[in-house]
Amino acid sequence: MRVWVICGVVALLVVLGGLGVNYAYDLLSTEALLREQRDAERAIDQDNAPFTNSVTYDTTSFESFTIVLDRPLTVEEGEVLQTTPPAEVWDFLRPLGGRLIPSTGEWAPTPTTGGTWEGGTGGMGTAVFTMNLLSARTSQLSIVDMTPVNISCENPTAVTVIDYPPAGIAPYPGVIVDLNHNDPLLYITDEGPDQGDPFFNRRRIDLGDGLEPGGLRVEAQVVGQSCEWEIQARYLDARQNTGEVVLRDEDRPFYVEVPPGRPDQYWLAGYAFPDAGERTFVPCHETPEHFSCSFGLGLEDEDWAEVPPGH
C-alpha cells in the first residue's frame with residue numbers, strides 16, 4: 001500500500017510539475033508574442049507620417065480689403081465698380097481675375113528691423129489662413145516649434161488696386177509673423193497677458209493618440225515684395241524623439257501678395273461728396289484732386305501725385 005501511495009504521489013507531482021512548466025512556458029511565450037506585437041505596431045505607427053496639414057485661406061471675414069488685378073478695369077467695369085456695395089465687390093471682381101489681399105488692421109508684434117527683403121516696389125501685403133493639423137499615429141506627439149523657411153520674394157505684378165482701408169485694429173486669435181525680418185517668429189495675437197510673446201515659447205500643439213485635429217490661424221505680413229514661404233515644424237513624439245516636417249499649401253508654398261506702389265489704376269473707397277452716407281469707389285488715378293483721395297492720404301491735392309497710391 002505504501003508503495004502504491006508513494007507512486008501515486010510521485011505521479012501527481014510529475015503531472016503538476018509538467019502542467020506548471022507548460023503554464024510558465026505559455027506565459028513566457030505569450031508575453032514574448034505580445035512584446036513582438038507591440039514592437040511591430042510601434043514600428044508600423046512610426047512609419048506613418050507624423051502629421052499632415054491642410055490650408056484654408058480666409059477670404060470672408062474682413063471688414064476691409066485690397067483687391068489687385070493684372071490688367072486695368074475697362075470703362076464699363078469701372079462704372080459698375082462705383083455702384084457696387086463694398087460687401088459685393090469681391091464677387092464682382094473675382095471672376096475678372098481679382099486677387100484678395102486682406103487688410104485686417106491686425107496688431108503687429110514688433111517694428112521690422114533687419115529686413116531681409118528691403119526695398120521693392122509694392123506696399124504692405126497680408127495673407128491669412130487656417131492651418132489644420134492631423135496625425136494618424138496611435139501615440140501622441142507634440143509640435144513644439146514652427147519656423148518660416150525658404151522665403152523667396154519678388155516685386156508685385158498687379159497694375160490695378162481697389163482699396164477698402166481698415167477702420168481700426170481688430171486682433172484675431174492665432175499667430176502673426178513678419179516675413180521681412182531676418183529671424184521671423186510666430187507671435188501670439190490672442191487677447192491676454194501673453195499677447196506678443198513667441199507662440200512656441202508658451203504653447204505647443206498636441207496631436208495623435210485619438211486627439212482632435214489641431215488648428216492654427218496664421219497671418220503673414222510683408223512689405224515691398226510678394227513672398228513665397230514654407231514652415232518648418234519641429235515635433236517631439238511619445239519616446240522623446242524629435243523630428244521635422246516642412247509644411248506647404250499642398251504642393252505649393254504659402255504666398256503673400258503685396259499691391260504695387262504705383263498702380264496704373266487706384267480705386268479708393270471714399271465718398272462721392274463730404275456728407276455722403278455711403279462709401280463708393282473713387283478713381284484716384286483720374287481724380288487725384290478728389291477730397292477722398294487727398295484726405296485719405298493726409299495730403300494736399302497737389303501733393304497726391306508725388307506719393308505712390310496706397311502709401
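Helix axes, as used here, are lines fitted to C-alpha atoms over the stretch in contact, and angles between them run from 0 to 180 degrees between N-to-C directions. With that convention, helices α2 and α3 of this predicted model pack at an angle of about 155°, with their axes 10 Å apart. Because angles over 145 degrees count as roughly antiparallel, α2 is roughly antiparallel to α3. The briefing below takes up these helices and the sheet they lie across, then a second sheet, the aromatic pairs and the nonpolar cores.

**The two helices**

- The contact between the helices is made by Glu77, Val80 and Leu81 on the side of α2, and by Val89, Phe92 and Leu93 on the side of α3.
- Helix α2, which covers residues 75-82, lies across β6, β14 (265-270) and β15, and its direction is at about 140° to that of β15.
- Helix α3, which covers residues 86-93, lies across β2, β3, β6 and β15, and it runs at about 25° to β2.

**The sheet under the helices**

- The strands named with these helices belong to an open sheet of five strands, which follow one another in the order β3-β2-β6-β14-β15 with mixed pairing.
- At the edges of this sheet stand β3 (99-102) and β15 (280-283), each of which pairs on one side only.
- Averaged over the sheet and with direction ignored, neighbouring strands are turned by 20° against each other.
- Inside the sheet, β2 (residues 65-69) and β6 (residues 160-164) are paired in the antiparallel sense over five bridges, and Phe65 stands opposite Tyr164 in β6.

**Ile101, a residue of strand β3**

- Ile101 is found in strand β3, and it counts as buried because its relative accessibility is 2%, where buried means under 20%.
- Although Ile101 and Phe65 are 36 residues apart in sequence, their C-alpha atoms are 6.0 Å apart in space.
- Once residues up to four places away in sequence are set aside, Ile101 touches Phe65, Thr66, Val68, Gly125, Thr126, Glu257, Val258 and Pro259.

**The other five-stranded sheet**

- Another open sheet has five strands in the order β1-β4-β10-β7-β8, again with mixed pairing, and its edge strands are β1 (52-57) and β8 (187-188), each paired on one side only.
- Strands β1 and β4 run antiparallel and are joined by six bridges, with Asn53 standing opposite Leu133 in β4.
- Strand β4 (residues 124-134) also pairs with β10 (residues 214-223), in the antiparallel sense and over ten bridges.
- Along this second pairing, Gly125 stands opposite Val222 in β10, while Met131 stands opposite Leu216 in β10.

**Aromatic pairs**

- The structure holds eight aromatic pairs, and one of them joins Trp229 and Phe254 in a tilted arrangement, with 5.2 Å from centre to centre and 50° between the planes.
- Trp229 lies in strand β11 (residues 226-237) and Phe254 in strand β13 (residues 254-256), so the pair ties together parts that are 25 residues apart in sequence.
- Both partners are enclosed: Trp229 is buried with a relative accessible area of 0%, and Phe254 likewise counts as buried at 0% relative accessibility.
- Together with Tyr57 and Phe129, Trp229 and Phe254 form one aromatic cluster.

**Nonpolar cores**

- As general background, nonpolar side chains in soluble globular proteins tend to be buried together.
- In this model the largest nonpolar core has 33 residues, and those with the most contacts inside it are Phe51, Leu133, Ile143, Met146, Ile205, Trp229 and Leu247.
- Strand β11 gives the most to this core, with five residues.
- Apart from this core lies another, of 14 residues, among them Ile67, Leu81, Tyr164 and Trp267.
- Leaving aside neighbours within four places in sequence, Met146 is in contact with Met131, Leu133, Leu186, Phe200, Ile205, Leu216, Ile231, Gln232, Ala233 and Leu247.

Conventions. Residues are numbered from 1 along each chain as its sequence is written. This is a predicted model: local features need pLDDT of at least 70, side-chain atom pairs count only at pLDDT 80 or more; totals for chains, interfaces and linings use all residues. Side-chain values use heavy atoms; hydrogens and water are left out. Two strands pair if DSSP finds at least two bridges between them. Helices (H or I, at least four residues) and strands (E, at least two) are DSSP runs, numbered from the N terminus. Rings of Phe, Tyr and Trp (its six-membered ring) pair if their centres lie within 6.5 Å; planes under 30 degrees apart count as stacked, over 60 as edge-to-face and the rest as tilted. Buried means under 20% relative accessible area, exposed over 50%, partly exposed in between (1.4 Å probe, protein chains only). A nonpolar core is a set of buried Ala, Val, Leu, Ile, Met, Phe, Trp, Tyr and Cys residues joined through side-chain atoms within 4.5 Å. Contact means heavy atoms within 4.5 Å. Angles under 35 degrees count as roughly parallel, over 145 as roughly antiparallel, 65 to 115 as roughly perpendicular and the rest as oblique.
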